[in-house]
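The exercises below are meant to be worked through with the coordinates open. Try each task before reading the solution that follows it.

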Amino acid sequence: MKQGRAVSDAALENRTEAEKDRIRAMLLDSIAGEFVQPLNLIGMERDYLQVYLARRGDAPDEKIAAALNGIGSAAVQLNRLLSNCVELLNCLQGSTAPVIVPMDMGAVLEDICADGAKMAELLDIALTVKTPEEPCCVCADQTMVQRILLNLLSNALRACAPGGHVSMTLCRGTKDVSLSVEDDGCGVPAAFCAHAFDPAFEQEKPNRERYLGGAGVGLYLTGEYCRLLGWKPEMRQTKHGTRVVLQIPREQLVSGEKVVFHAGSGARQLRSEALRAAVRQELCTVPGLENA
């Protein structure tokens with residue numbers, strides 16, 4: 001048995017980096033494919049059970065309802081983890097490249113917060129947004145920007161208790177543009193802040209009893225997207241919580257006139273619906289918003 005393992009290890013070591021990359025990509029695709037089917041099945045079976053129980057007309061059983069909610073919550077969490085892992089590994093393999101287009105950062109931020117605030121209300125958490133009066137247009141990848149903002153927003157909501165507050169602020173400075181996400185939640189250790197966006201750094205996660213977060217993959221993915229976009233992310237402790245600041249180079253700023261949408265109103269509506277779906281998909285992983 002040991003001899004067979006030694007031969008296998010030697011064979012792996014003799015592979016070229018290109019071969020190793022192909023194997024990693026194959027394993028990544030296989031894992032993603034194997035996860036999708038059972039997760040979809042879990043979701044469909046849960047929906048069937050809910051419909052079946054509703055048609056019976058019996059008084060709802062709290063334990064059954066809690067069990068169904070738990071199944072749904074677990075499926076949503078696994079879907080998020082799978083998606084983040086696949087995207088992070090693609091970034092680390094160098095197979096992800098940003099599609100740079102002019103975009104209005106203020107408009108994207110306000111759209112996300114408009115839907116996010118409605119869901120935050122269900123947790124009794126206030127969500128506010130501040131943007132410059134003038135359009136703040138930058139060249140970036142719109143999908144990556146949305147994922148960055150949603151990951152930071154969901155983490156902030158997880159950290160807060162009922163009655164808490166999350167703010168998202170976009171500012172134009174003399175040297176750069178800054179985007180901050182701040183919460184007055186449980187906070188995280190300084191050691192965690194220093195390496196929050198580094199997947200290569202081994203560190204202890206925040207206290208699970210106080211912070212109902214995930215595995216940290218979302219933060220790592222945020223860091224990789226920021227690296228690809230040329231942004232600088234930083235997590236800081238505050239007196240009453242945590243603040244994440246993203247520094248966007250001023251050279252990425254463009255005039256508002258350059259942000260031109262060639263599609264008609266129908267395409268704009270589809271973009272709006274896609275963003276709303278992305279907000280719901282991400283924030284439904286926050287405990288308490290599973291059925292929002």
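**Exercise 1.** Leaving aside residues up to four places away in sequence, which residues does Thr-285 touch?

*Solution.* Bear in mind throughout that the model is predicted. Begin by placing the residue: Thr-285 lies in the segment that follows α8, the helix of residues 265-283. A contact search that leaves out residues up to four places away in sequence then returns Val-76, Gln-77, Arg-80 and Arg-158. With Arg-158 there is also a polar contact, side chain to side chain, at 2.8 Å. Finally, take the accessibility: buried means under 20% relative accessible area, and Thr-285, at 2%, therefore counts as buried.

**Exercise 2.** Determine the surroundings of Leu-289, and find how far Leu-289 is from Met-119 in sequence and in space.

*Solution.* Leu-289, too, is found in the segment after α8, and its relative accessibility of 0% is why it counts as buried. Its contacts, again without residues up to four places away in sequence, are Met-119, Leu-122, Leu-123, Leu-283 and Cys-284. For the pair with Met-119, the separation is 170 residues along the sequence, while the C-alpha atoms are 7.1 Å apart. Such a pair can be set beside the figure for the whole chain, where 74% of the contacts between residues at least 6 apart in sequence join residues at least 24 apart.

**Exercise 3.** Compare the span of α5 with the expected one, and decide whether this helix is largely enclosed or largely open.

*Solution.* The helix α5 covers residues 142-159, which is 18 residues, and the distance from its first C-alpha to its last is 26 Å, close to the 26 Å expected at 1.5 Å a residue. At its start, a side-chain oxygen of Asp-141 comes to within 3.0 Å of the backbone nitrogen of Thr-143. Counting buried residues gives 16 of 18, so α5 is largely enclosed by the rest of the structure. The next step is the largest nonpolar core, which holds 57 residues, and in which Met-105, Val-166, Trp-231 and Met-235 touch the most other members. To this core α5 gives the most, with nine residues. In soluble globular proteins, nonpolar side chains tend to be buried together.

**Exercise 4.** Carry out the same kind of analysis for α7, and state which elements its buried residues pack against.

*Solution.* For the 13 residues of α7 (residues 217-229), a rise of 1.5 Å a residue predicts a span of 18 Å, and the end C-alpha atoms are indeed 18 Å apart. Eleven of the 13 residues are buried, so this helix is likewise largely enclosed by the rest of the structure; among them are Leu-219, Tyr-220 and Leu-229. The buried residues of α7 pack against α3 (62-93), β3 (137-140), α5, α6 (190-194), β6 and β7. Just after the helix, Gly-230 takes a positive phi of about 80 degrees.

**Exercise 5.** In what order do the strands of the open five-stranded sheet lie, and which are at its edges?

*Solution.* Reading across the sheet, the order is β2-β4-β5-β7-β6, and the pairing is mixed. The edge strands, each pairing on one side only, are β2 (126-130) and β6 (232-238). Direction ignored, neighbouring strands are turned against each other by 15 degrees on average. Helix α4 (residues 105-121) packs on this sheet, where it touches β2, β4 (165-172), β5 (176-183) and β7, and its direction makes about 170 degrees with that of β2.

Turn next to the pair formed by β6 and β7 (residues 241-249), which run antiparallel and are joined by seven bridges. The two strands form a hairpin with two residues between them. Within it, Glu-234 stands opposite Val-245, and Gln-237 stands opposite Thr-242. The contacts of Met-235, beyond residues up to four places away in sequence, include Val-188, Phe-192, Leu-219 and Val-244.

**Exercise 6.** What is the sign of phi at Asp-124, and where does this residue lie?

*Solution.* Asp-124 is found in the loop between α4 and β2. Its phi is near 60 degrees, a positive value in a residue other than glycine. Most residues other than glycine have a negative phi. As its relative accessible area is 49%, Asp-124 is classed as partly exposed.

How values were computed. Residues are numbered from 1 along each chain as its sequence is written. This is a predicted model: local features need pLDDT of at least 70, side-chain atom pairs count only at pLDDT 80 or more; totals for chains, interfaces and linings use all residues. Side-chain values use heavy atoms; hydrogens and water are left out. Helices (H or I, at least four residues) and strands (E, at least two) are DSSP runs, numbered from the N terminus. The expected span of a helix is 1.5 Å times one less than its number of residues. Buried means under 20% relative accessible area, exposed over 50%, partly exposed in between (1.4 Å probe, protein chains only). A polar contact is a pair of N or O atoms within 3.5 Å; within protein, one must be able to donate a hydrogen and the other to accept it, and residues adjacent in sequence count only if both atoms are side-chain atoms. A nonpolar core is a set of buried Ala, Val, Leu, Ile, Met, Phe, Trp, Tyr and Cys residues joined through side-chain atoms within 4.5 Å. Contact means heavy atoms within 4.5 Å. Two strands pair if DSSP finds at least two bridges between them. Axes are lines fitted to C-alpha atoms, for helices over the stretch in contact, and angles run from 0 to 180 degrees between N-to-C directions.
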